[in-house]
Amino acid sequence: MRSLKTTAIKLSYISSKRSYCHQFINPNFDSKATKSGGGNNTNDLLTNLGYIYQLPTAGLLHYLPLGLRTVKKIGDIIRKNLNNSIDANEFPVNEVSLSSISPTSLWVKTGRYPNDEVFTLNKNGDKNAKFLLVPTCEEEITAMMKPYLKSYKNLPQIVYQISRKYRYEKRPRGGILRGREFLMKDAYSFHVNERDALKCFDMMKSKYDLIFQAFKIPYVSAWADSGEIGGDRSMEYHYLHEIGEDKLMICDECGIASNIEKCQSTPVGKGQFKDPVEVTWCLNKEGDTLIGIYYPGTHELDPRRVVEAYGGEDLDLDTINMPNEKVLLKYQRENEDIMLASMVRLMDCRLHPRSNLPDFPLSKYSKFQFVTIDEVDLCFSKVGDVCEHCGTGHLRMEKSIEVGHIFYLGDKYSKPLDLKYVSKDNAQEVVKMGCYGIGLSRVLGSIAELTKDDIGLRWPSTIAPYTVSFVTPPNIHDDTSLLREIEHLKNNNSTNTSDDWLFDLRKDISLGKKINTSHAAGIPICCIIGRKSWPYIELEIRGKRYSNTWEKAYEMEGNGSKFDWVSKGEKASTNSKNRTFEKHLVHKDDLNSVLAILLKDL
Ligand SMILES: [Zn+2]
């Protein structure tokens, strides 16, 4: 009687633990969703396995326990690396949490509102929205820091937050990669001058490398155009994958990568292209100069290079995208005496001197008003172009998913929002800023996409919702002494990692289903506990190896020399047909040590 009572208490203790398998982990998930591969199926897989709940409204989702644990792990890695100093002279970094609601008036000042990519909040009957849901927080953070950065003595400062952001995607691709609500880490830095801000940019670059290395998945950092956010220096962090919407040009020699929009390269086949030559007409801002841009029909015109070749901001970029006829009409309408108006021809350097140019469209013009700028590069880099950085390698193009971006902002936000400090010389100076983002939901979605296989997900151990699962046959509940042993195993884990252990002791689910569920959910190691093998535990490794340090440890300490641990190599899976898993047999007393050795590589 007495022992029964004790068992009842112990049992309820096990089932009350947080890491006891919960009902969101679905043993009847539909594995077909993974088998067809690609597309949005990663979202279906995450949904089937109980990571996320997709709302009927496109682009919105809820995080379920497994998804939340994963995203928290990603956040923990980011926090740890931002908070820890690399060296003693480092700028201090502090975490904050800003409201998700921001007044539109602030965004009007920086020219980012009205904006049809933000969600606005309207009071009933009020046509003019006074608030919006933040897509990023440059405006708010600049306003918030104002009272704290009065003097040069208050600088530098770096603050960051991890929070939900909102963007009105017209056609959300749905799910986790491009939703209307997403989780983002955004950091902002404040400095007395550009030199300090760029030093901070480099410091954040080092921290980003540590963060992305901790995620274990190979990534590419690429020089990038600042685009919307603005500034002078910016770098993006990408995962290469065919479903990505970004395009990177990567050198096959030096490996330097750039976003295609920023890529600098030396064109191949200079002066050789004859046919067909395209021409795009545009105007200067005054409207009194007609500019003809001649380039190979096989290439795409790069507006940034055109502006550079023309030599200034005077070019009216809007007219580049207008149909040629419209531009020519506008030119003739705005210039009464065409004979006095000037014309510029920009000739791409790839063109052959005797290539067939399209006919000049105007009958009336003066040859004396004609200026030609030739030998200039006017087109986007193409596969095969010579890398500008090493001068020898050739460029290849890869599709990618952008997961992080760091910028030097200069005074883009501090100037319109009047963020000033008093300098050493008692002068009012504008604060220089930087901003640094990582999309946590994007990282989760990308890594799921990159690592999934026909069984399911396959997380690196650093971000897996649980690093280890323990599964038992359903009849374990008849074996009170073994149950006690399992409880002992859990409570005696001195390394404090047991919060990372998932115990699947469910009565109504077969051992095979439990193993399959653990593997499909992507938990790196599955420990199988049964009466027959006890006190030995069978380990099945689901995680991919990112290194092989365990082999040396096994050679030195395995096979009974220090640990009662036998590596059994690749064996047919206990339950998956046509699948082999790496298996190990470990004595319960050595389990903690062996798990620690194995997890290092996974
Ligand atoms: Zn190169």
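How are the donor residues of the zinc ion spaced in sequence? Keep that in mind as you open the viewer, and remember that this is a predicted model.

**Stop 1: the zinc ion**

Select the zinc ion, then add Cys-251, Cys-254, Cys-387 and Cys-390. The SG atoms of these four cysteines coordinate the metal, at 2.3 Å. Written as a pattern, their spacing is C-x2-C-x132-C-x2-C, which settles the opening question. Now colour two of them, Cys-251 and Cys-390. Cys-251 belongs to strand β11 (residues 246-251), while Cys-390 sits in the loop between β18 (386-387) and β19 (395-410). These two are 139 residues apart, so the pair ties together distant parts of the chain.

What arrangement do the 4 donor atoms make around the zinc ion? Try the angle tool: they subtend angles of 106 to 118°, and that makes the arrangement tetrahedral.

**Stop 2: helix α4 against α11**

Next, select residues 65-83, which is helix α4, and residues 440-451, which is helix α11. The two pack at an angle of about 115°, and their axes are 10 Å apart. That angle makes α4 roughly perpendicular to α11. The crossing is right-handed.

Show the side chains where they touch. From α4 you want Gly-67, Thr-70, Val-71, Ile-74, Gly-75 and Ile-78; from α11, pick Leu-440, Val-443 and Leu-444. Sorted by class, this contact has 6 nonpolar residues, 3 polar ones and no charged ones.

**Stop 3: α4 again, now with α7**

Keep α4 on screen and add helix α7, residues 194-215. Here the packing angle is about 145°, with the axes 9 Å apart. α4 passes α7 in a right-handed crossing too. On the α4 side, the contact uses Ile-74, Ile-77, Ile-78, Asn-81 and Leu-82. On the α7 side, look for Met-204, Lys-207, Leu-210, Ile-211, Ala-214 and Phe-215. How do the residues of this contact of α4 with α7 divide? They come out as 9 nonpolar, 1 polar and 1 charged.

**Stop 4: some backbone oddities**

Jump to Pro-276, in the loop between β13 (265-266) and β14 (277-283). The peptide bond leading into it from Asp-275 is cis, with omega near -5°. Then go to Pro-535, in the loop between β25 (525-528) and β26 (536-541). The bond from Trp-534 to Pro-535 is cis as well, with omega near 10°.

Finish at Asp-418, in the loop between β19 and β20 (420-422). Its phi is near 55°, a positive value in a residue other than glycine.

Methods: Residues are numbered from 1 along each chain as its sequence is written. This is a predicted model: local features need pLDDT of at least 70, side-chain atom pairs count only at pLDDT 80 or more; totals for chains, interfaces and linings use all residues. Side-chain values use heavy atoms; hydrogens and water are left out. Axes are lines fitted to C-alpha atoms, for helices over the stretch in contact, and angles run from 0 to 180 degrees between N-to-C directions. Helices (H or I, at least four residues) and strands (E, at least two) are DSSP runs, numbered from the N terminus. Angles under 35 degrees count as roughly parallel, over 145 as roughly antiparallel, 65 to 115 as roughly perpendicular and the rest as oblique. A crossing is left-handed if the near helix is turned anticlockwise from the far one by less than a right angle, and right-handed if clockwise. Contact means heavy atoms within 4.5 Å. Ala, Val, Leu, Ile, Met, Phe, Trp, Tyr, Cys and Pro count as nonpolar, Asp, Glu, Lys and Arg as charged, and the others, Gly among them, as polar. Donors are N, O and S atoms within 2.8 Å of the metal (3.2 Å for Na, K and Ca); water is not among the atoms, so sites may look incomplete. Four donors count as tetrahedral if all angles lie between 85 and 135 degrees; four count as square planar and six as octahedral if opposite donors are over 155 degrees apart and all others between 65 and 115; anything else is irregular.
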